[in-house]
Amino acid sequence: MPGIKILSSAHYVPEDVVTNDDLAKIMDTSDAWIQAHTGIKTRHISLKGENTSDLATKAAQIALAKAQVKPEELDLIIVTTFTPDGLAPSTAALVQRNLSAKNAWAYDIMTACAGFIFGLSTADKFIRSGAYRKALVVAAEVNSKMMDFKDRTSTVFFGDGAGAVVLSADDQIDMVKGEQMCTIGNAEVVHSGRIAPLTTLSANNYPVTDAFTQIGRDVFDEVTMLIPEHIQAFLASKDLETKDIDYFIPHQANLRLIEYIATALNEPLEKFSRNVVYNGNTSSAGIAIGFDELNQTVDLTGKRVLLTGFGAGFTYGSILLEL
């Protein structure tokens, strides 16, 4: 059975930066309120017509160029997204077309903010099967298109962006050392894009999609109750403790949650990715972006990196990398 090697990583964010003061001009909020409650200072918003597939394609192109892998060498493309271009065709299919990756097949995974973890896990299994050699996993979100800009309790958290990794089978190296995935059905704490079923047959029927919404306190309570315990139990199953992890890349929900997790694990905040401060919550893309930023600035050779995603569903999980 082959091992898994990460050949490259990359990320892309839209060029338009929206500050807290910009949001305060269109909703009842302030820079002080947003920073106090979320730790977020800025976020990138797609204001030039870039959709999710566009962000995903740009991140993918950078990652492929870094890995010196041609699109036609790909066997599989997985896009994780909470904000697809549409229900059909899949965003992954559009990325496959944009890349001219003629030998790959592609599909989406939608597990909200845990998406990149689930995407990596899925690609890992395809490669380990021996039937696939190279895979592209992209996490991409245009959260802004799903927001109600009158809702300061949700909208101020979010930004747009994409991150990508190129994976390859390797007979000598195995960078993926373990995983654990969990799902708890909960339809109300976080939801987006719901379309109500018909109650009558009428020529006036037309699908209407709801905006993103969340019950912030319930989200915070769920995460703080489950995630530190999940991380500790997962590491214990690998005969590891938190001190054995060099870097943590959790979902970039908000800075306050990351601070809480770091404290609960008794680990310094410096070991945690915190791109949420300047990117906002980019849903499934936040971990992918965090991994690429770390990969660009630190020699990760021999380092243990724990990726932990958690999001709507309630869906959460971790993947342990040893690079």
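In this predicted model, Trp-105, Tyr-107, Phe-126 and Tyr-132 come together as a cluster, joined by ring pairs. A search covering the whole structure returns seven aromatic pairs. One of these pairs brings together Phe-248 and Phe-272, whose ring centres are 4.6 Å apart; their planes stand at 10 degrees, so the pair counts as stacked, the limit for stacking being under 30 degrees. The contact is a link between distant parts of the chain, since 24 residues separate the two partners. Phe-248 belongs to strand β11 (residues 247-250), while Phe-272 sits in the loop that runs between α8 (255-264) and α9 (276-279). Both of these phenylalanines, Phe-248 and Phe-272, are buried.

A further aromatic pair is made by Phe-314 and Tyr-316, and here the geometry is tilted. The distance from centre to centre is 5.6 Å, with 35 degrees between the planes. As with the previous pair, burial applies to both partners: Phe-314 is buried, and Tyr-316 is too.

Aromatic rings also meet charge in this model. The side chain of Arg-152 lies over the face of Trp-33, at 4.5 Å from the ring centre.

Turning to open space, the second largest pocket holds about 290 Å³. Its lining is made up of 13 residues, and those closest to the centre of the pocket are Pro-84, Leu-87, Met-146, Gly-193 and Thr-209. By character, the lining of this second largest pocket comprises six nonpolar, five polar and two charged residues.

Key. Residues numbered from 1 in each chain as written. Predicted model: local features only at pLDDT ≥ 70, side-chain atom pairs only at ≥ 80, totals over all residues. Heavy atoms only, no water. Phe/Tyr/Trp six-rings, centres within 6.5 Å; stacked < 30°, edge-to-face > 60°. Helix = DSSP H or I, 4+ residues; strand = E, 2+ residues; numbered from the N terminus. Buried < 20%, exposed > 50% of the residue type's maximum accessible area, 1.4 Å probe, protein only. Lys NZ or Arg CZ within 6 Å of the ring centre and 35° of its normal. 1 Å grid on protein atoms, 1.4 Å probe; cavity = no way out; pocket = protein on both sides within 12 Å on 5 of 7 lines; lining within 4 Å. Points joined across faces, edges and corners; volume = space filled by probe spheres on them. Nonpolar A, V, L, I, M, F, W, Y, C, P; charged D, E, K, R; others polar.
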